[in-house]
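Could you walk me through this structure, starting from one spot and working outwards? Plain language is fine.

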Amino acid sequence: MKKMLGAVLGILVMWGVCQAQQIVLRVLMEDIPETWIIEELLPLFEKETGIRVEFEKMTYIGMHDKLVAQLLAPVNAYDLMQVDFIWAGEFPAAGWLEPLEPYVQRSGFDLSPYLPSMLDLVGYYQGKLYMIPMYSYTMALIYRTDLLNRPDLQEKYKALYGRPLMVPETLEEYVNICKFMTEYAGIPGAAMQGMRGDPNFLEFANYLFAVGGDFVDENWNVILNSPEGRKALELYVENITKAAPVGALNFTLDDTYRIMCQGGAWSFISYWWMLPNLQDCPNVAGKLAIAPVPGGSGVNGGWGWAIPWNSPHKEEAWKFISWVESKEIVRLRALRGHAPTRIDILEDPEILAKYPFYKDVLPIIAKAKKVPIFAYTAEMEDVVGREISLACTGAKTIEQAIADAAKGLEALLKKAGLLR
């Protein structure tokens, strides 16, 4: 009887393994280094669980529409997904994401290592957990130390302004140095992503936060049309028209990266993980450093893992998320260049030995601010971005552009039911 029972149990175990091997989790992923890092590790998950994971990779443009089409279907073609912070209000507000607290509680998944700023951005929405932070792309100042420390430029700056040329502490100082570099270093002071929409909106948001401004208050009242808002836009227009490369009004992130890689600008305010990527560029390797956005907090950015409400394999999807976000796997990702969201990884001695600048990144992410996250965040980028572009081209005054941007944002908040 015992032998027969053992044989039956063995058959059941083998059957369960075969069933697991038949499961394939499909995920739509942005085609960037972060995805490639995880993709290299997928065989480890399959070996451990018998579950295969397939990444369908594509560029950012088009991802949103493709995901929404599946979220509206009875059954999703994707078992789990990565959610950009821009969609972190839209997707849960529409009821498209599975609440994750039950999965966390059942599995004992530890949320405590995650930076609170990241959980606030791509974790919780209106008090409920819908995402697990995947990677961060908080914005910061990346600049060339060789130009900042060049003796002739140091002397010239001191003669002109009576103070040393150093990392700027205020936004005004930053714009002033950018103009100085443009005139005396022979290259633009700032590589700026001025294309209307996501690029110029996020870049401008750094300027707004740097001068103490914001888009809304704690009650969702629009406060963009303020002295701080006008000052931020004035400095943004000044920098992009006087210290940025020709054509900057049409530049995206890719354009600014290429310019910095070629050594074609002194600085840019961009995503912090650009720094390790730029170290592979011969023209600037070893000549770059990172600092907080002068005068304030940088814009917080990041992606989170989520399970669609109509996922065919929710339990298996959570098994993958808890595996890929386990400390062991996150360490492996970090050693390959992952942009961490966890404090323990950013403080890990082995990882710091390979990427010493992580010690500077930790406070930048911890103090980062988020733009308003609600059902129409993506539309907000277009509404505000349009007004920024009009101000930069001179089609509108600073005052009119800020006023119209505030009106447009207010209309979206009313549409979302956040304002009467």
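Leaving aside residues up to four places away in sequence, Ala244 touches Pro188, Ala190, Met192 and Asn239. Keep in mind that this is a predicted model. Ala244 sits in the loop between helix H11 (227-242) and helix H12 (253-261). Is Ala244 buried or exposed? Its relative accessibility is 17%, so Ala244 counts as buried, the cut-off for that label being under 20%. For a sense of distance, take Asn283, which is 39 residues away from Ala244 along the chain: the two C-alpha atoms are separated by 19 Å.

Now hop over to Val384, which has its place in helix H19 (residues 377-393). With a relative accessible area of 2%, Val384 is buried. Which residues does Val384 touch, if you skip those up to four places away in sequence? They are Phe201, Phe215 and Ala405. You can also look from Val384 to Leu412, 28 residues apart along the chain, where the C-alpha atoms are separated by 11 Å.

Next, have a look at strand E10, which covers residues 302-306. This strand is mostly covered, with five of its five residues buried. In a regular strand, side chains alternate between the two faces of the sheet. In E10, Gly302, Gly304 and Ala306 point one way, while Trp303 and Trp305 point the other way, and all are buried.

What does E10 pair with? One partner is strand E3 (residues 80-84), which pairs with E10 in the antiparallel sense over four bridges. To find this pairing in the viewer, look for Met81, whose bridge partner in E10 is Ala306. Strand E6 (residues 132-136) is also joined to E10 by four bridges, and these two strands run antiparallel as well. Here Pro133 is a handy marker, with Gly304 as its bridge partner in E10.

A couple of backbone oddities are worth a stop. Most residues other than glycine have a negative phi. Gln126 is not a glycine, yet its phi is positive, at about 50 degrees. You'll find Gln126 in the loop between strand E4 (124-125) and strand E5 (128-129). At 65% relative accessibility, Gln126 counts as exposed, since the cut-off for that label is over 50%. Trp220 is another residue other than glycine with a positive phi, this time near 70 degrees. Trp220 lies in the loop between helix H10 (198-210) and H11. Its relative accessible area is 24%, so Trp220 is partly exposed.

Finally, zoom out to the whole protein. There are 20 helices and 10 strands in it. The radius of gyration is 24 Å, close to the 22 Å that the globule rule gives for 420 residues, so the protein is as compact as a globular protein of that length. Along the principal axes, the C-alpha atoms fill a box of roughly 95 × 50 × 30 Å. Of the 420 residues, 54% count as buried. Looking at contacts between residues at least 6 apart in sequence, 73% join residues at least 24 apart.

As for the outside, the accessible surface comes to about 17,900 Å², and 55% of that belongs to carbon and sulfur atoms. The protein carries 39 positive and 51 negative side chains, and the centres of those two sets lie 2 Å apart.

Definitions and conventions: Residues numbered from 1 in each chain as written. Predicted model: local features only at pLDDT ≥ 70, side-chain atom pairs only at ≥ 80, totals over all residues. Heavy atoms only, no water. Rg over C-alpha atoms; globule rule 2.2 N^0.38 Å. Buried < 20%, exposed > 50% of the residue type's maximum accessible area, 1.4 Å probe, protein only. Contact = heavy atoms within 4.5 Å. Areas by Shrake-Rupley, 256 points an atom, 1.4 Å probe, with all protein chains shown as cover. Lys, Arg positive; Asp, Glu negative; His and termini not counted. Charge placed at Lys NZ, Arg CZ, Asp CG, Glu CD. Pairing = 2+ DSSP bridges.
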